[in-house]
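Open the model in a viewer and keep the sequence panel in view. The tour below goes from stop to stop, saying what to select and what is found there.

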Amino acid sequence: MVLCMPHAKHVPVVRPLKGSMPANPTHLQPQGWLKPQLPVRCLTLSNSMETPAAKSKPAVNAEAARAEFCRAGISDDVTTKVLKQYEPYQRWDIDTKLQPALKLWVEQLGSQQLSARLQKAPRLLCHTPEECSGVYLWLASIGADAERIQQKVPRVMARPLDQVQSTMWTIQQALRLRDNQLPAFLKRHACCLRYTPERVGQILHTVAEVLAVPVTSDDVQEVVLGCGQRLFEQDPANLNKLVSFFCEEFGGGQHAARAALKYGIYGVSAETMKTRAAELRAMLGWTKDELNQGVNAHPRILTYKPSTVASNMQKLQAHSFSSTQALTVFASFPSMAGYDWSSSANKEKLTYLRHVLQLSQAELASRPWLLSTSLARKIGPRSEFLYACKGNSPETTLAVSRVLSYLENCSDAKFAARFNNSSASPPLVYDDQFKRHRQQRWTFLVCEMGLSYADICACRLLLQTSLLNTLAPRWHFLTLLETAETEFNAADHLTALATLSDEHFAQAFSSASMGLVYDQNFMHCARGNLCRFW
């Protein structure tokens, strides 16, 4: 099967355009620990997006922001450095945001100390002094997401700082974690900071015991860094019993123990595991060996109620999968038993796979791994990047097999190394910026332009069009024409959005009599509206 990229005009139903559019971690030491550093985490949004507070009034220019820093006693050199490292300060409203923030911190620290701390934490003004104290400040100083931890585990902030540091020190020494590994560890296991060093030490020794290795081994570190977020909430003795039962009941030895810890069987008693395994075996028609193999590969399936598994299987069948196909999917990839196929995210994924990649029900059922792959992080970005690569060659088709071959068992780094093309115009680079742009473009096509998946596939070149430089300005212009001329339909000209040069687009659609001219000034204003929209 191949995917064609037609150039024909298409007329979908659309609706008019709506309105305008971490500091270096310090070394952990057992004594004399950590003079608090200032937090480096704050709310950041991609590209030109700003925090809600920064949108309260029109943007101010850089010179006005620079002058305000100067009045607060910050030297010109430091101001230049800070404004370069955190550019949104230049868009803050002077009277209601920048000036009050500087005044508050000058009163707290004085100009000299504030200047020194701004150099270490340029985003300092995004927080109040009250937020930047005690445990919060220390967490930010080691590169952890203090704001997220404060929201997820607020009890940690109420503990004395020395106790929190002692817990972290115990874990770091036992697992031999490097300083730069602490942020990732705390992103998954922030709740460990609620407990005493003795408690977390018992958990780590339990993990080592069930793996039959020393607590300082690489195996323990690997399992803990990758295991379920509730690990440190478990009672050590009960955790040992659960994992031991799992290994005895379903076989697999140390491999089973590692899987049980990594994927989490927490909160499920031994008796419940046994009952659910029997019901699952009956539901999927497995033999005992197939049950053991499935459960060892996906222990999390035992955390789902059998009624939930049955319900999710019915929801998958509601998407035109036969009962046999649904059983095949669940048996091949048991973790999908926990997927809610009525959710908007899973509906969108199935629609994308059917319309954009044009996969049949049989093809989807034969590739259960594809149904578990993220649309936003992998399927969408990679398939559209490959289309963009193909757009630079004379061919206008792309084999589905080629797309799928680079969705399974291929890291982002390998994919980028294989397909990045810096000599293309513009350069094709598969990175986070490309993924953000792709997601924003899809949102614009579906939400702002009102296009269906079928509409987008009928004019697939839209998937290769720059949102900021081409798609948004041109669509805005066409909708203005649609408003001015009752017989003009912007949706009749989707191909023009993607194929015409700026000059030819202006020649085709500009209307001097109505005062609508597609030129650099119009494009500049449209891009500004889009930045504010995002």
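**Stop 1: a pocket and its lining**

By class, the lining of the second largest pocket divides into three nonpolar, four polar and five charged residues. The model is a predicted one.

To see this pocket, select F333, W369, S372, T373, S374, R377, K378, R382, L407, E408, N409 and D412, the residues that line it. The space inside the second largest pocket is about 320 Å³. Now color helix α21, residues 375–390: this helix gives the largest share of the lining, three residues.

**Stop 2: a salt bridge at the pocket**

Keep R382 and D412 selected; both belong to the lining just shown. R382 and D412 form a salt bridge, and their closest N and O atoms are 2.7 Å apart. R382 lies in helix α21 and D412 in helix α23 (residues 412–419), so the salt bridge ties together parts that are 30 residues apart in sequence.

Is each partner buried or exposed? R382 has 1% relative accessibility and therefore counts as buried. D412 has a relative accessible area of 31%, so D412 is partly exposed. The cut-off for buried is under 20% relative accessible area.

**Stop 3: the whole chain**

Zoom out and show the chain as a cartoon. There are 29 helices and two strands. The chain has 534 residues, and 48% of them are buried. Switch on the surface: the accessible area of the chain comes to about 25300 Å², and carbon and sulfur atoms account for 51% of this.

**Stop 4: further salt bridges**

How many salt bridges does the structure hold? There are 13 salt bridges in the structure. Side chains of opposite charge can pair when their charged atoms come close.

Select E222 and R258 next. These two form a salt bridge in which the closest N and O atoms are 3.6 Å apart. The pair links distant parts of the chain, 36 residues apart: E222 is in helix α11 (residues 218–226) and R258 is in helix α13 (residues 253–263). E222 counts as partly exposed, at 49% relative accessibility. R258 is also partly exposed, at 25% relative accessibility.

Now select R230 and E233. The side chains of R230 and E233 meet in a salt bridge, with 3.9 Å from N to O. E233 has a relative accessible area of 35% and is partly exposed, and R230, at 41% relative accessibility, counts as partly exposed too.

**Stop 5: the largest cavity**

Hide the surface and select R276, E279, L280, M283, I301, L302, Y304, P306 and V309, which line the largest cavity. About 50 Å³ of space lies in this cavity. Which elements give two or more residues to its lining? They are α14 (270–284) and α16 (306–317). Helix α14 gives the most, with four residues.

Color the lining by class: seven of its residues are nonpolar, none is polar and two are charged.

**Stop 6: the two sides of helix α2**

Go to helix α2, residues 76–85, and select V78, T79, V82 and L83, its buried residues. Why are these four on the same side of α2? They cover an arc of only 125 degrees around the axis, which puts them on the same side of the helix. An α-helix has 3.6 residues a turn, so residues three or four places apart point the same way.

Turn the view to the face of α2 away from its buried side. The exposed residues D77 and K84 are carried there.

**Stop 7: two residues with positive phi**

The last stop is about backbone angles. Most residues other than glycine have a negative phi.

Select R176, in the loop between α8 (161–175) and α9 (182–189). R176 is not a glycine, yet its phi is positive, at about 55 degrees. With 43% relative accessibility, R176 counts as partly exposed.

Then move to A212, in the loop between α10 (197–211) and α11. A212 is not a glycine either, and its phi is positive, at about 60 degrees. A212 has 60% relative accessibility and so counts as exposed, the cut-off for exposed being over 50%.

Methods. Residues numbered from 1 in each chain as written. Predicted model: local features only at pLDDT ≥ 70, side-chain atom pairs only at ≥ 80, totals over all residues. Heavy atoms only, no water. 1 Å grid on protein atoms, 1.4 Å probe; cavity = no way out; pocket = protein on both sides within 12 Å on 5 of 7 lines; lining within 4 Å. Points joined across faces, edges and corners; volume = space filled by probe spheres on them. Nonpolar A, V, L, I, M, F, W, Y, C, P; charged D, E, K, R; others polar. Buried < 20%, exposed > 50% of the residue type's maximum accessible area, 1.4 Å probe, protein only. Areas by Shrake-Rupley, 256 points an atom, 1.4 Å probe, with all protein chains shown as cover. Salt bridge = Lys/Arg side-chain N within 4 Å of Asp/Glu carboxyl O. Arc of directions from axis to C-beta.
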